[in-house]
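The following exercises are to be worked through with the sequence and the coordinates at hand. Each task is followed by a solution in steps.

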Amino acid sequence: MDKRLVKGFEKLINSDVIKNIYPMIDHIDIKNFRWNPYGTKPGYLLNLDIVVDSPDMTEDNMYDLDFDPHYLADKHIRDLSKYLSIDISSIFFTVHNLEGDLIHEWNPF
C-alpha cells in the first residue's frame with residue numbers, strides 16, 4: 001500500500017470527525033497496515049494504537065466514561081476507510097493513556 005495513503009488515512013482518523021465523538025482521544029497511530037488475502041473476506045489488517053488523555057480511565061470504567069473502543073474501530077474507523085476505498089478485514093488495537101499505561105487491548109485472533 002502506498003505510504004501516502006496510509007498517512008492520509010491516519011490524518012483522517014485523527015480528524016475532528018472522531019474527536020467530536022470521542023473527545024478523550026489524544027491521537028490514533030497506525031502501527032501496522034497490511035493486505036490479508038485469506039479468510040472469509042480478503043482485506044487489510046489494521047493495527048491501531050489509540051491514546052486517550054483521560055488519566056483516570058481504566059478498562060473497568062472506560063464505558064462509564066462514554067468510550068467504546070470496539071465501536072470506534074468497527075463503526076467509525078471502518079466508515080472512514082470507505083472514503084479512501086480501503087477494505088478492512090480486521091482491526092486490532094491497544095488503548096493507552098498519555099503515560100503509556102495499557103487500558104485495553106483487542107486482538108480477535
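**Exercise 1. The nonpolar core**

Task: Determine which residues of the largest nonpolar core touch the most other members, and which element gives the most to this core.

Solution. The model is a predicted one, in which local features need pLDDT of at least 70 and side-chain atom pairs count only at pLDDT 80 or more, while totals for chains, interfaces and linings use all residues. Residues are numbered from 1 along each chain as its sequence is written, and side-chain values use heavy atoms, with hydrogens and water left out.

Step 1. A nonpolar core is a set of buried Ala, Val, Leu, Ile, Met, Phe, Trp, Tyr and Cys residues joined through side-chain atoms within 4.5 Å. Buried means under 20% relative accessible area, exposed means over 50%, and partly exposed lies in between (1.4 Å probe, protein chains only).

Step 2. The largest core has 27 residues, and Phe9, Leu48 and Phe67 touch the most other members.

Step 3. H1, S1, S2, H3 and S3 are the elements that give two or more residues to this core; S2 gives the most, with 5 residues. Helices (H or I, at least four residues) and strands (E, at least two) are DSSP runs numbered from the N terminus.

Step 4. Contact means heavy atoms within 4.5 Å. Leaving aside residues up to four places away in sequence, Phe67 touches Tyr22, Met24, Ile25, Ile50, Val52, Met57, Met62, Leu72 and Val95.

**Exercise 2. The sheet around Leu48**

Task: Establish the strand order of the open sheet, and find the bridge partner of Leu48 in S3.

Solution. Step 1. Two strands pair if DSSP finds at least two bridges between them. The open sheet has 4 strands in the order S1-S2-S3-S4, with mixed pairing. Its edge strands, each pairing on one side only, are S1 (25-36) and S4 (102-106).

Step 2. S1 and S2 run antiparallel and are joined by 10 bridges. They form a hairpin with 6 residues between them, and Gly39 in the turn has a positive phi of about 90°.

Step 3. S2 (residues 43-52) and S3 (residues 88-97) run parallel, joined by 9 bridges.

Step 4. Leu48 in S2 stands opposite Ile30, and its bridge partner in S3 is Phe93. For Tyr44, the partner in S3 is Ile88.

Step 5. S2 is mostly covered, with 9 of its 10 residues buried.

**Exercise 3. The two sides of H1**

Task: Identify which residues of H1 are buried and which on the other side are exposed.

Solution. Step 1. H1 (residues 3-13) lies across S1, S2 and S3 and runs at about 145° to S1. Axes are lines fitted to C-alpha atoms, for helices over the stretch in contact, and angles run from 0 to 180 degrees between N-to-C directions.

Step 2. The buried residues in H1 are Phe9, Glu10 and Ile13. They are on the same side of H1 because they cover an arc of only 100° around the axis, the arc being that of the directions from the helix axis to the C-beta atoms.

Step 3. Arg4 and Lys11 are exposed on the other side of H1. The buried residues of H1 pack against H2 (16-19), S1, S2, H3 and S3.

Step 4. Another helix, H3 (residues 69-82), lies across S1, S2, S3 and S4, running at about 130° to S3.

**Exercise 4. Aromatic pairs**

Task: Classify the pair of Phe33 and Tyr44 and the pair of Trp35 and Tyr44.

Solution. Step 1. Rings of Phe, Tyr and Trp (its six-membered ring) pair if their centres lie within 6.5 Å; planes under 30 degrees apart count as stacked, over 60 as edge-to-face and the rest as tilted. The structure holds 4 such pairs.

Step 2. Phe33 and Tyr44 are stacked, at 4.9 Å centre to centre with 5° between the planes. Phe33 lies in S1 and Tyr44 in S2, 11 residues apart. Phe33 is buried at a relative accessible area of 14%, and Tyr44 is buried at 16%.

Step 3. Trp35 and Tyr44 are edge-to-face, at 5.0 Å centre to centre with 75° between the planes. Trp35 is partly exposed, with a relative accessible area of 44%.

Step 4. Phe9, Phe33, Trp35 and Tyr44 form one aromatic cluster.
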